[in-house]
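Here are my notes on the model you sent over. Have it open on your screen as you go through the points.

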Protein chains: 2
Amino acid sequence: MVGIDEVARLAGVSAATVSRALSGNGSVSAGTRARVESAANDLHYVVSSNASSLASGRTRNVGVVVPHLNRWFFSSVVEGAERALLRNGYDLTLYNLSGGGDERRSVFDHFLRRRRVDAVIAVALELTTDEISGLLALDKPLVGLGGPLAEVPSLEIDEIAIARLATEHLLMLGHTAILHIGSHRRTGFQQAMTAAGLPVAAESMICADFTMANGYAHAKQALGHPHHRPTAIFAASDEMAIGATLAARDLGLSVPKDVSIVGIDDHELADFFQLTTVAQFPERQGELAAETLIAQLEPSRHEEPALRVPLPFELIVRSSTARPLE
Amino acid sequence: MVGIDEVARLAGVSAATVSRALSGNGSVSAGTRARVESAANDLHYVVSSNASSLASGRTRNVGVVVPHLNRWFFSSVVEGAERALLRNGYDLTLYNLSGGGDERRSVFDHFLRRRRVDAVIAVALELTTDEISGLLALDKPLVGLGGPLAEVPSLEIDEIAIARLATEHLLMLGHTAILHIGSHRRTGFQQAMTAAGLPVAAESMICADFTMANGYAHAKQALGHPHHRPTAIFAASDEMAIGATLAARDLGLSVPKDVSIVGIDDHELADFFQLTTVAQFPERQGELAAETLIAQLEPSRHEEPALRVPLPFELIVRSSTARPLE
DNA sequence: ATGAAAGCGCTAACAC
DNA sequence: GTGTTAGCGCTTTCAT
């Protein structure tokens with residue numbers, strides 16, 4: 001492997017100048033920089049990240065901690081983060097906690113502590129206080145995303161406003177018997193219902209995990225009930241909304257004629273199922289998280305990080321919602 | 001941050017001995033090892049990966065290159081690889097090529113070349129010859145997975161046998177009018193049909209990308225045709241098979257009464273849709289790839305790598321297939 | 001089995 | 001603007 005000395009020799013300068021020219025730190029004359037760059041190119045020189053990290057204390061690598069990988073939201077966030085990081089010359093090291101137990105502990109006790117990352121993105125994690133203090137003890141830039149991490153500077157989407165928006169869409173169409181399936185997005189639902197002067201019965205809010213199977217099961221229960229069948233369902237995720245759609249179909253109900261359904265996410269399948277939803281752009285969230293960290297890591301090269309800017313969301317009206325039958 | 005010297009002082013030995021005790025390289029008496037380990041524990045010492053890498057030439061990090069992340073197959077492979085790597089003390093650095101263009105090039109020209117990884121897993125990639133020679137030039141252990149990488153040692157699943165198995169399942173049930181949707185799994189389909197003495201018309205093999213929308217569209221076309229409607233569909237992925245299932249339902253056809261459908265993957269949704277499929281265990285594939293590499297990286301600690309062992313697959317019969325109506 | 005010493009390949013002060 | 005020098009925190013000979 002070709003090293004910095006060879007480049008220095010070919011360019012006729014010292015190793016230090018090569019380092020300066022290639023990293024952009026310190027001043028180098030335009031001519032020298034050009035010669036160094038062409039020498040580096042000719043030799044296919046790439047700095048050794050380890051040597052560079054050891055000497056500079058900066059790794060150009062960001063750790064991303066996720067609770068799962070094969071859910072649409074998480075893999076989208078990681079894709080977005082990866083894109084932004086690559087674009088800025090950073091690697092992404094992935095820590096997936098789905099293994100649980102010892103592996104999970106070792107991520108915080110061992111892996112994150114061996115100085116391999118400059119910063120950490122923690123996605124939608126429910127962490128123990130030990131784990132949080134572990135993260136903070138790294139004393140590195142840290143950003144949470146979509147999670148309940150009180151002590152961690154986070155990019156947060158306004159969950160209440162999202163749920164309110166989805167609910168208001170149904171209210172605006174004239175629905176009053178609305179079922180909510182989901183959990184942490186309950187508040188916005190209640191707010192919107194109350195503001196519309198509608199009662200919120202306990203049985204009109206069902207807690208569920210966010211899977212299609214669960215959306216199916218709960219929707220079928222509710223839609224099959226002989227007394228208070230809802231005319232609309234607001235599911236806290238598109239996967240549940242799709243499950244609900246299939247449940248309605250299986251009961252012979254037509255969407256949106258017999259029942260309107262709205263989800264949250266704008267999942268990749270939402271378009272296929274013609275689902276009305278509130279998009280929340282997870283790739284963009286991942287990108288933003290990465291850019292926020294990079295701005296902190298390289299204050300000179302970037303403007304202020306845009307932390308605490310509310311994350312964007314948007315109602316996307318497709319064909320799963322309509323006025324209720326009169 | 002506490003360094004190796006502090007541990008050495010506390011344990012009353014030299015830094016060299018600490019290194020040997022903690023890494024397992026070189027001989028250390030049992031007593032010394034115990035003292036070193038307890039000192040390291042007390043101080044919460046974790047080796048600096050950069051210093052260690054620079055001195056030893058080994059990074060304890062593996063690069064995983066994927067063409068996408070938010071597809072079930074890829075994220076499952078990455079999850080499996082991550083699990084196996086973490087368990088063995090390795091980090092996983094992710095390179096997602098879905099950005100394309102310049103970013104893609106820089107992964108091969110820059111990122112992979114800065115000595116940050118000990119080995120590379122290349123998942124289902126169609127690489128240019130330049131990219132392949134780039135990978136080989138790294139001169140590091142390398143394993144391909146599920147891709148057409150002729151020059152790269154690969155873990156391969158027997159695509160032909162899988163397709164044959166799925167087709168034979170339909171044949172066994174008595175189907176003769178079988179439609180195949182997919183592309184690179186065509187050969188096994190043809191083999192099974194021919195072996196059963198059945199003709200394979202061109203229109204009974206449709207090429208498609210692997211999405212649900214595509215499966216839906218193609219199945220609807222075929223099932224709506226007034227003349228030669230298939231009694232069974234073999235889709236080359238579960239997502240397409242699910243799309244086909246929905247198409248059948250929308251036409252008022254019942255699965256499996258009017259049409260049998262079999263997929264490949266055992267996707268997380270396959271169970272929900274009661275889909276008969278051939279499972280291919282992508283998490284296990286990722287794990288195997290990682291273990292193969294680790295065995296090469298640490299020949300002393302592990303038995304021979306099990307490369308070229310055929311990857312497992314298995315027919316899972318659910319409720320989307322049955323005998324055709326007489 | 002253990003310690004001393006020489007790097008690993010770079011970066012950052014410090015000189016000029 | 002550029003070269004010289006001294007590390008960064010480990011691992012690994014080479015002694016003993």
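1. Let's start with the DNA. This is a predicted model, and in it 26 residues surround DNA strand D. The closest are A:Ser27 from chain A, plus B:Ile4, B:Ala16, B:Ser19 and B:Ala55 from chain B. So what kind of residues make up the surface near DNA strand D, nonpolar, polar or charged? They split into 12 nonpolar, 13 polar and one charged.

2. Now for the elements behind that surface. Helix H2 (15–23) and helix H4 (49–56) each supply at least two residues of the surface near DNA strand D, and that goes for chain A and chain B.

3. Next, the sheet. An open sheet is formed by 10 strands, and if you walk across it you pass E5(A)-E4(A)-E3(A)-E1(A)-E2(A)-E2(B)-E1(B)-E3(B)-E4(B)-E5(B). The pairing is mixed. E5 of chain A and E5 (154–155) of chain B sit at the edges with a single partner strand each, so one side of each has no neighbour in the sheet.

4. Some pairings in chain A are worth clicking through. E1 (residues 61–66) and E2 (residues 91–96) run parallel and are joined by six bridges; look for A:Gly63 opposite A:Thr93. E3 (residues 119–123) also runs parallel to E4(A), with four bridges between them, and A:Val120 has A:Leu142 as its bridge partner there. Moving outwards, two bridges link E4(A) to E5 (residues 154–155), again parallel, and here A:Leu145 is partnered by A:Leu155.

5. Strand E4 (residues 142–145) of chain A deserves its own point. A:Leu142 and A:Gly144 point one way, A:Val143 and A:Leu145 point the other way, and all are buried. That fits the general pattern, since side chains in a regular strand alternate between the two faces of the sheet. E4(A) also belongs to a β-α-β unit with E3(A) and helix H7 (residues 129–137) of chain A, and that unit is right-handed.

6. Last, the symmetry. How do you get chain B onto chain A? A rotation of 180° with 0.0 Å of shift along its axis does it, at an RMSD of 0.1 Å. The two copies are therefore related as by a two-fold rotation axis. The same surface serves both copies, as 100% of the contact residues of chain B recur in chain A. If you want to find the axis on screen, go to B:Thr93: of the residues of chain B, its C-alpha comes closest, at 2.1 Å.

Notes
Residues numbered from 1 in each chain as written. Chains lettered and ligands numbered in written order. Predicted model: local features only at pLDDT ≥ 70, side-chain atom pairs only at ≥ 80, totals over all residues. Near = placed C-beta within 6 Å. Nonpolar A, V, L, I, M, F, W, Y, C, P; charged D, E, K, R; others polar. Buried ≥ 20, exposed ≤ 12 C-beta atoms within 10 Å, placed from the backbone. Pairing = 2+ DSSP bridges. Right-handed = clockwise from strand over helix to strand, strands pointing away. Least-squares fit on C-alpha atoms with pLDDT ≥ 70 in both. Contact = placed C-beta atoms within 7 Å.
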